[in-house]
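Q: I have a model open on my bench computer and would like to learn how to read its surface and its charged pairs. Could you walk me through it?

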Amino acid sequence: ANFGYRGTLPAILGIQSGVFTQTILTCLGLGSVFVTYPKLQDILRIAGATYLLYLAWKLSGASVAEGQGIKQVSFSEAVIFQALNPKSW
């Protein structure tokens, strides 16, 4: 809402690219890697939980005044966000 449709388009495309990449990797055998090495899924789960805790920590210290300098999410930031999103995995 802060940046309009054009300003948000890189984030939308980045998230969709991240989902597409995850789907392709899973179809190409990443799922079997997780079956063979279940510890990798645990590591990914811990990394995702750590990222969520980091976000919670950042939000707990944020003030309303800091929200005035909102920065647009770039394409690469959205792809990385999707890769670290534990719900998508």
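A: Happily! Let's begin with patches: they are made of residues with over 30% relative accessible area and no salt bridge, and nonpolar side chains are joined within 5 Å. Keep in mind that this is a predicted model.

Q: Which residues form a nonpolar patch on the surface here?
A: Val-33, Tyr-37, Leu-40 and Ile-43 do, and together they have about 370 Å² of accessible area. One of them, Tyr-37, sits in the loop between helix H1 (4-36) and helix H2 (38-60). Tyr-37 counts as exposed because its relative accessible area is 52%, and the cut-off for exposed is over 50%.

Q: How many salt bridges does the structure hold?
A: First the general idea: side chains of opposite charge can pair when their charged atoms come close. In this model there are two salt bridges. One joins Arg-45 to Asp-42, with the closest N and O atoms 2.8 Å apart. These partners are three residues apart in helix H2, so about one helical turn separates them. The other links the side chains of Glu-77 and Lys-71, at 2.8 Å from N to O.

Q: Is Lys-71 buried or exposed?
A: Lys-71 is exposed, at 57% relative accessibility. Its partner Glu-77 is partly exposed at 34%, and Asp-42 is partly exposed too, at 31%.

Q: What does Thr-8 touch, leaving aside residues up to four places away in sequence?
A: Thr-8, in helix H1, touches Phe-3 and Gln-72. Thr-8 and Ser-74 are 66 residues apart in sequence, yet their C-alpha atoms are 8.6 Å apart in space.

Key. Residues numbered from 1 in each chain as written. Predicted model: local features only at pLDDT ≥ 70, side-chain atom pairs only at ≥ 80, totals over all residues. Heavy atoms only, no water. Patch = residues over 30% accessible without salt bridge, like charges linked within 9 Å, V, L, I, M, F, W, Y side chains within 5 Å. Areas by Shrake-Rupley, 256 points an atom, 1.4 Å probe, with all protein chains shown as cover. Salt bridge = Lys/Arg side-chain N within 4 Å of Asp/Glu carboxyl O. Helix = DSSP H or I, 4+ residues; strand = E, 2+ residues; numbered from the N terminus. Buried < 20%, exposed > 50% of the residue type's maximum accessible area, 1.4 Å probe, protein only. Contact = heavy atoms within 4.5 Å.
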